[in-house]
Amino acid sequence: MAALNADLQARPVTSPTPELAPLVADLYAKVAPRQRVHLLNGLLRPVGPLALVAIGAGAFASLLPATRWHVAHASLDDAMRVSAAQVLELARYVEQKSPEALMQLPDLLSDSPLWVSSLGGALLLLALRAWQRRHAETQSSSKSPL
């Protein structure tokens with residue numbers, strides 16, 4: 001946990017929105033196990049089978065289904081086994097591969113007041129909302145009139 005906080009503080013602030021991945025990992029480390037499952041499953045939606053094996057030194061490889069690939073799904077046992085550092089790597093991957101998946105996290109977080117009651121949850125929710133606004137502004141400014 002101290003390493004995540006040091007990582008967050010060591011990064012230079014280049015924009016008004018902090019990097020999302022450390023906030024996600026910090027929140028993951030602080031919430032109850034059932035909330036960890038929801039957060040983990042939200043992050044796993046866009047992750048394919050090859051990435052599951054590669055991210056976090058293979059920490060998510062056990063989530064590969066034995067049958068045909070659909071989507072990885074974490075259980076309560078999985079959420080207890082996965083560390084915040086591994087979630088940090090997963091969140092960084094999702095942030096790069098599928099940023100739109102992170103845009104769905106505010107809906108997940110706002111469903112329960114328990115998420116936002118923690119400082120980490122509130123910071124993550126604020127950062128995600130700011131990121132959404134910035135993304136929407138970028139999208140609208142990049143559209144050129146015909």
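**Helices, bridges and one odd phi**

Q: Where does Ala-57 lie?
A: Look outside the helices here (a helix is a DSSP run of H or I with at least four residues, a strand a run of E with at least two, numbered from the N terminus). Ala-57 sits in the loop between helix H4 (49-54) and H5.

Q: What is the mean pLDDT of the protein chain?
A: This is a predicted model, in which local features need pLDDT (the predictor's confidence in each residue, from 0 to 100) of at least 70 and side-chain atom pairs count only at 80 or more, while totals for chains, interfaces and linings use all residues. Residues are numbered from 1 along each chain as its sequence is written, and side-chain values use heavy atoms, with hydrogens and water left out. In the protein chain, 69% of residues reach 70 or more, and the mean pLDDT is 76.

Q: Which element has the lowest mean pLDDT, and which the highest?
A: Where pLDDT is low, the predicted coordinates should not be read in detail. Residues 11-17 stay under 50, with eight contacts (heavy atoms within 4.5 Å) beyond four places in sequence. Among the elements, the lowest mean, 48, belongs to helix H1 (residues 2-10), and the highest, 94, to helix H5 (residues 76-81).

Q: Is Ala-57 buried or exposed?
A: Phi of Ala-57 is near 55°, a positive value in a residue other than glycine. Most residues other than glycine have a negative phi. For accessibility, the classes are buried (under 20% relative accessible area), exposed (over 50%) and partly exposed (in between), with a 1.4 Å probe and protein chains only. With a relative accessible area of 81%, Ala-57 is exposed.

Q: Why is helix H2 (residues 20-30) largely enclosed by the rest of the structure?
A: The list of buried residues in H2 includes Leu-20, Val-24, Asp-26 and Tyr-28. H2 is largely enclosed because, of its 11 residues, the number buried is nine.

Q: Which residue does Asp-26 meet in a salt bridge?
A: A salt bridge takes a side-chain nitrogen of Lys or Arg within 4 Å of a carboxyl oxygen of Asp or Glu, and the structure holds two of them. Asp-26 counts as buried at 10% relative accessibility, whereas its partner, at 45%, counts as partly exposed. Both lie in H2, four residues apart, about one turn of the helix. With N to O at 3.1 Å, the partner is Lys-30.

Q: How far apart are the closest N and O atoms of Asp-78 and Arg-81?
A: These two both lie in helix H5, three residues apart, about one turn of the helix. Asp-78 is buried at 14% relative accessibility, and Arg-81 is partly exposed at 40%. In their salt bridge, the closest N and O atoms are apart by 3.4 Å.

Q: At roughly what angle do the axes of H2 and helix H6 (residues 84-97) cross?
A: Axes are lines fitted to C-alpha atoms, for helices over the stretch in contact, and angles run from 0 to 180 degrees between N-to-C directions. The two axes come within 8 Å and cross at roughly 145°.

Q: How many nonpolar residues are in the contact of H2 with H6?
A: Among the residues that meet are Leu-20, Val-24 and Tyr-28 in H2, and Val-87, Leu-88 and Arg-92 in H6. Ala, Val, Leu, Ile, Met, Phe, Trp, Tyr, Cys and Pro count as nonpolar, Asp, Glu, Lys and Arg as charged, and the others, Gly among them, as polar. The contact has two charged residues, no polar ones, and a nonpolar count of 11.
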